[in-house]
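User: Hi! I have a structure with me and would like to go through it step by step. Could you help me read it?

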Amino acid sequence: MATARIATYQKMYVWELPVRIFHWLNVLAILVLIATGYLIGAPQKIFDAAEPSQQYWFGIVRFSHFAAAYVFFFNYLFRLYWGFVGNKFAHWSQFIPVTKQRLKEFYEVVVVDILHIRNEREVGEGHNTLAGLSYFAAFLIFLFQAGTGFALYSSMSDSFIPSLFAWVVPLMGGDAWVRQWHHIAMWFFIVFTIVHVYLVIYHDWVEGAGETSSMISGWKFRKDESDDAE
Amino acid sequence: MDYEVPSIWRTMQAKGYSRREFLFFCGVAVAAAGLRANGLAQVVEAFESKPRPPVVWLHFQECTCCSESFIRSSHPIVADIIFDTLSLDYTETLQAASGFQAEKTRDETMKNNQGKYILLVEGSIPMAGDGAYCMIGGKSSEQILKEAAEGAAAIIAWGSCASNGCIQAAKPNPTNATPIHKIVNKPVINVPGCPPIAEVMTGIVTHVLLFDKIPELDSQGRPKEFYSRRVHDTCYRRPFYDAGLFVESWDDDAARQGYCLYKMGCRGPTTYNACSVTKWNANLSYPIQSGHGCIGCSESGFWDNGPFYQHLGAFPGFGIESTADTIGATAAAVTAGGVAVHAAASAIRKRKLVNIQRAEAEKSEAAREQKEAAPEQTENDGGEEQ
């Protein structure tokens, strides 16, 4: 049995606690926002025997939407900040391919993981370039969604933050269009969630690096190739 | 000869109104302009001393519904503003003069009251075909408007046509109908609506009359006092909205109960106007109170904002029936399909890779067990290998 070696794995601390908190708060906020947002767009027929004055379910749905929107927005701002002070895996440059090496990785991901033309590539620890870029696009849509949402909210609120986005309404041709685009952007979040969850499962299966649990524990695993030295 | 313009009080006196009637009129003006009660003295003083301002009312591409609305101003005394107290020197629809004589009156009014007259504009300006689509007395609408705007003290755009183009500017907008604020380079008070509410119109005129300046406007040039809130925010059916009680079809029980018309396409939530406060026809009712949703007639481009009876607008470029939800659901289904295809491809293509990994892991596990069973020997093996 001289050829059989004990594989050793290196434990890599990838996702810092603030990144993980951001991620799960974001999950929570987005789920609430999609559910309540969809209901606001298409309220269901829920009749109650109680007097109308005793009912307020639609008001609660809307309140939840606005509350979750604030959580989403501040969480998002925090993540932007963390992109400058966090570790290298959280750094903003992970989301925009600026180096030659990252562009090469982008090509590799497309060839190996998307098109299955080749079978193997060297896997890094953080976001791969394509994933990083898709998160960058997602961040732009996050901002769009926050902007259009607060713009719609500005007509019913005197708060400071919504008023910052009031200019969006005339720019987009009135509330009707802001609402239309805000609604279509919701579908981006749904599509993104489908793809995101699938790819987590895919990468976890193919790479065996603990993709799924890493967002809970922060740790990823890399097979130690230098175990010949043992 | 001097062109002296008497004050409103003088004019009213000449017409036989009493002081009591004059003060009552001032009180109505205070309310119409949205002032507090202590503004009365200011109004009385203004109407006693200020010359009665001449008005030039221009009509371009429009249907005259704004004029019709205005002359039906609920309060007879408020209606008198235009006929008795304002000096309505030129308006195609109501003036007695016609032809050359009428045009002369307008020119004279403008000349004699340079910088003093109030310009009211009803209708949009056709910019296509060198303005050939709407010409009066041999001049294009654009020419007439620009001449009149030159010496105006204030410019008010009556209705959606003048404020945002309304139906003439709806796609494909063959005459290139253009709202007046895009043509004149002076501040314009936009009073959108198809038509605007009569009391809103008189309220704005009163404001200009009283203060000699335009009221506070929002980012779209609309007076904040009448257009800062959505029809939805002040709607008497709003509690049903918050309670989640909606009309599902025009003849259901919910419709008879007077529940919220949100699901029937009511545009109240996206429309800024005073309908649910001021109402129409002497404060009698407004569309929602009559059981019909708001069609958002005071919103920019409302003819192109989607079907009136559909809550979510049609999505441009995807056919009339496809809403954002149709497209979104299709995109989600296509994505799910793509995921399934990719998963199947991965299962085939990456199986080998995963199997190799699994074999390696099993080997490693076996090696570890062996090591645990005979730790020293393994160590020796390791030593030999090195």
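Analyst: Happy to help! One term before we begin: helices (H or I, at least four residues) and strands (E, at least two) are DSSP runs, numbered from the N terminus. With that in hand, B:Thr175 can be placed in the loop between helix 8 (159-164) and strand 8 (177-178) of chain B. Please keep in mind that this is a predicted model.

User: Is B:Thr175 buried or exposed, and what is its relative accessibility?

Analyst: Leaving aside neighbours within four places in sequence, B:Thr175 is in contact with B:Gln61, B:Pro126, B:Met127, B:Ala128 and B:Tyr133. The cut-off for buried is under 20% relative accessible area. B:Thr175 falls under that cut-off, so the residue counts as buried, at a relative accessibility of 10%.

User: Which residue in the loop between helix 8 and strand 8 of chain B has a positive phi although it is not glycine?

Analyst: Most residues other than glycine have a negative phi. In the loop between helix 8 and strand 8 of chain B, there is a residue with phi near 45 degrees, a positive value. That residue is buried, with a relative accessible area of 5%. Its name is B:Cys166.

User: Which residue comes before B:Pro172 at the cis peptide bond?

Analyst: B:Pro172 also belongs to the loop between helix 8 and strand 8 of chain B. Most peptide bonds are trans. Here omega is near 5 degrees and the bond is cis; the residue before B:Pro172 is B:Lys171.

User: What is omega for the cis peptide bond that joins B:Cys194 and B:Pro195?

Analyst: B:Pro195 sits in the loop between strand 9 (188-191) and helix 9 of chain B. The bond that joins B:Cys194 to B:Pro195 is cis, and its omega is about -5 degrees.

User: How many residues of helix 9 of chain B are buried?

Analyst: Helix 9 spans residues 198-211 of chain B and reaches 20 Å from its first C-alpha to its last, close to the 20 Å expected at 1.5 Å a residue. After helix 9 comes B:Asp212, with a positive phi near 55 degrees. The helix itself is mostly covered, and of its 14 residues the number buried is 13.

User: Which residues lie on the two faces of strand 1 of chain B?

Analyst: In a regular strand the side chains alternate between the two faces of the sheet. Strand 1 of chain B covers residues 54-59, and six of its six residues are buried. One side carries B:Pro54, B:Val56 and B:Leu58, while the other carries B:Val55, B:Trp57 and B:His59.

User: Which residue of strand 3 of chain B stands opposite B:Leu58?

Analyst: Strand 1 of chain B runs parallel to strand 3 (residues 118-122) of chain B, and five bridges join the two. In that pairing, the residue opposite B:Leu58 is B:Val121.

User: How much area do chain B and chain A bury between them?

Analyst: Contact between the chains involves 59 residues of chain B and 55 residues of chain A. B:His342, B:Arg349 and B:Lys350 supply 12% of the area that chain B buries against chain A, more than any other three residues. For both chains together, 58% of the buried area is on carbon and sulfur atoms, and the total is about 5,100 Å².

User: Which helix of chain B gives the most to the side that touches chain A?

Analyst: Between the two chains there are 25 residue pairs in polar contact. Helix 11 (238-242), helix 14 (324-349) and helix 15 (351-373) of chain B each supply at least two residues of the side that touches chain A. The one that gives the most, with 16 residues, is helix 14.

User: What residue of chain B forms a salt bridge with A:Lys223?

Analyst: The rule finds two salt bridges across the interface of chain B and chain A. In the one with A:Lys223, the closest N and O atoms are 2.6 Å apart, and the partner is B:Glu360.

User: Over in chain A, which residue has its backbone oxygen 3.5 Å from a polar atom of the side chain of A:Gln94?

Analyst: A:Gln94 is found in the loop between helix 2 (57-85) and helix 3 (100-114) of chain A. A:Gln94 is buried, with a relative accessible area of 12%. Its contacts beyond four places in sequence include A:Phe89, A:Arg102 and A:His127. The backbone oxygen at 3.5 Å belongs to A:Lys88.

How values were computed: Residues numbered from 1 in each chain as written. Chains lettered and ligands numbered in written order. Predicted model: local features only at pLDDT ≥ 70, side-chain atom pairs only at ≥ 80, totals over all residues. Heavy atoms only, no water. Buried < 20%, exposed > 50% of the residue type's maximum accessible area, 1.4 Å probe, protein only. Pairing = 2+ DSSP bridges. Expected span 1.5 Å × (residues − 1). Contact = heavy atoms within 4.5 Å. Buried area = accessible area lost by both parts, 1.4 Å probe. Salt bridge = Lys/Arg side-chain N within 4 Å of Asp/Glu carboxyl O. Polar contact = N/O pair within 3.5 Å; in protein donor to acceptor, adjacent residues only side chain to side chain.
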